[in-house]
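Me: I'd like a close look at a single part of this model, as if you were turning it on the screen for me. Please show me its two sides and its ends, then put it beside a few other spots worth a visit.

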Amino acid sequence: MAVTEAIPTEVEVFGVTYERYALDKLFARLVPKHGISTVLEHPASGAKAMPSLYSLGFAQAGCQVTLADAEEEGTRLWSEVGLHDRLEIVDGDELERTERQWDLCWNFMVLPTAEDPRETVNNLVQRSSKWVLFVHVNRFNVGFNMHRTVHKVYKIPWSHGDIRFFSPFQTGHFLKECGLKDISWGVVDSPPWPDSPGFRDLRLHRMGDKPKKWESPYVDHLKSGQFPGWLKYVYAVERFPIPTVCKLPYSHLFYIMARVDRG
């Protein structure tokens, strides 16, 4: 009898739970501010987390969301949280054939590892009628160099891409070179602990390319409608009004937004 190897299950850590919470709060602010009603996430992948869930916040804010190249493991949960009626799934080939546009086109941690970052930006610009958005890890967080050091000490090649795109300043310069205008950036996911120092990443690397099943505690909170008090407390501290640049040493992510000029 053939023995079927069990697929390992990876539970998103508390830092990812907070990341999702903070991002959803950010998206809830961006939607009314910029008049966003339709959103395309392309590709709808995940960065060491369950894929195809990062746009949940836009759907919660009332947007119709399209996910390109989504993964079923994540998209099946949209029904469980009652947002399936705001979700459309397309594949990359279908996007190539359509002339549709969305108010906002975005992705999460894609540019650093993109084979052609300029083409990636242009693809989103082509499909956007108003805005493009990119969310990346912030290299100025104190944990970033710790993460780089772990890769060096354990002789694991750096697999997270071009570090230029881990800086809001260099990313902004690149978007300007791509012809985008009204470029602005901010920080999000700014808790009082450092971004991943790299040891969880080391463990995942050692697991190799084995397929994983994901469990997302954040989705469980969405389904119940109850969020732990610590999430709300940490977020209240994150939103304390101090200059954005002063938050760079402890913010895990930055977001950068630009207007698509159709004139």
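Reply:
**From one loop to helix α6**

Let's start in the loop between β2 and α2, where S52 has its place. Helices (H or I, at least four residues) and strands (E, at least two) are DSSP runs numbered from the N terminus. This is a predicted model, with residues numbered from 1 along each chain as its sequence is written. Local features need pLDDT of at least 70 and side-chain atom pairs pLDDT 80 or more, while totals for chains, interfaces and linings use all residues, and side-chain values use heavy atoms, without hydrogens or water.

S52 is not a glycine, and yet its phi is positive, at about 65 degrees. With a relative accessible area of 0%, S52 is buried (buried is under 20%, exposed is over 50%, and partly exposed is in between, with a 1.4 Å probe and protein chains only). The loop between β2 (38–41) and α2 (56–60) also holds P43. The peptide bond that joins H42 to P43 is cis, with omega at about -5 degrees.

Now for the part to look at closely, helix α6. The helix takes in residues 142–153, twelve residues in total. From the first C-alpha of α6 to the last, the reach is 17 Å, close to the 16 Å expected at 1.5 Å a residue (the expected span is 1.5 Å times one less than the number of residues).

Turn α6 so that you can see its inner side. Its buried residues are G143, F144, H147, V150 and H151. These five sit on the same side of α6 because they cover an arc of only 120 degrees around the axis (the arc is that of the directions from the helix axis to the C-beta atoms). As background, an α-helix has 3.6 residues a turn, so residues three or four places apart point the same way.

Turn the helix again and you come to the face of α6 directed away from the buried side, where V142, N145, K152 and V153 are exposed. So on α6, F144 and H147 are among the buried residues, whereas N145 and K152 are among the exposed ones on the opposite face.

Both ends of α6 are worth a stop. At the start, N141 brings a side-chain oxygen to within 2.7 Å of the backbone nitrogen of G143. (A polar contact is a pair of N or O atoms within 3.5 Å; within protein, one must be able to donate a hydrogen and the other to accept it, and residues adjacent in sequence count only if both atoms are side-chain atoms.) G143 is also one of the buried residues of α6. Just after the helix, K155 has a positive phi of about 55 degrees.

A similar pairing of side chain and backbone turns up in strand β6 (residues 128–137), the home of S128. The side chain of S128 comes to 3.2 Å from the backbone nitrogen of K130. S128 has 0% relative accessibility and so counts as buried.

K155 at the far end of α6, with its positive phi of about 55 degrees, brings us to M109. M109 is not a glycine, and its phi is positive as well, at about 55 degrees. You will find M109 in the loop between β5 (102–108) and α5 (117–127). Its relative accessibility is 16%, so M109 counts as buried.

To finish, here are three buried residues, each with a C-alpha distance that helps you find your way across the model. V90 is found in strand β4 (residues 87–90), and its relative accessible area of 6% makes it buried. From V90 to T171 the C-alpha atoms are 28 Å apart, for 81 residues along the chain. In helix α9 (residues 217–224) you meet L222, which is buried at a relative accessible area of 16%. L222 and W158 lie 64 residues apart along the chain, and their C-alpha atoms are separated by 34 Å. Helix α7 (residues 168–177) contains L175, which counts as buried at 0% relative accessibility. C-alpha to C-alpha, L175 and E80 are 37 Å apart in space, and they are 95 residues apart in sequence.
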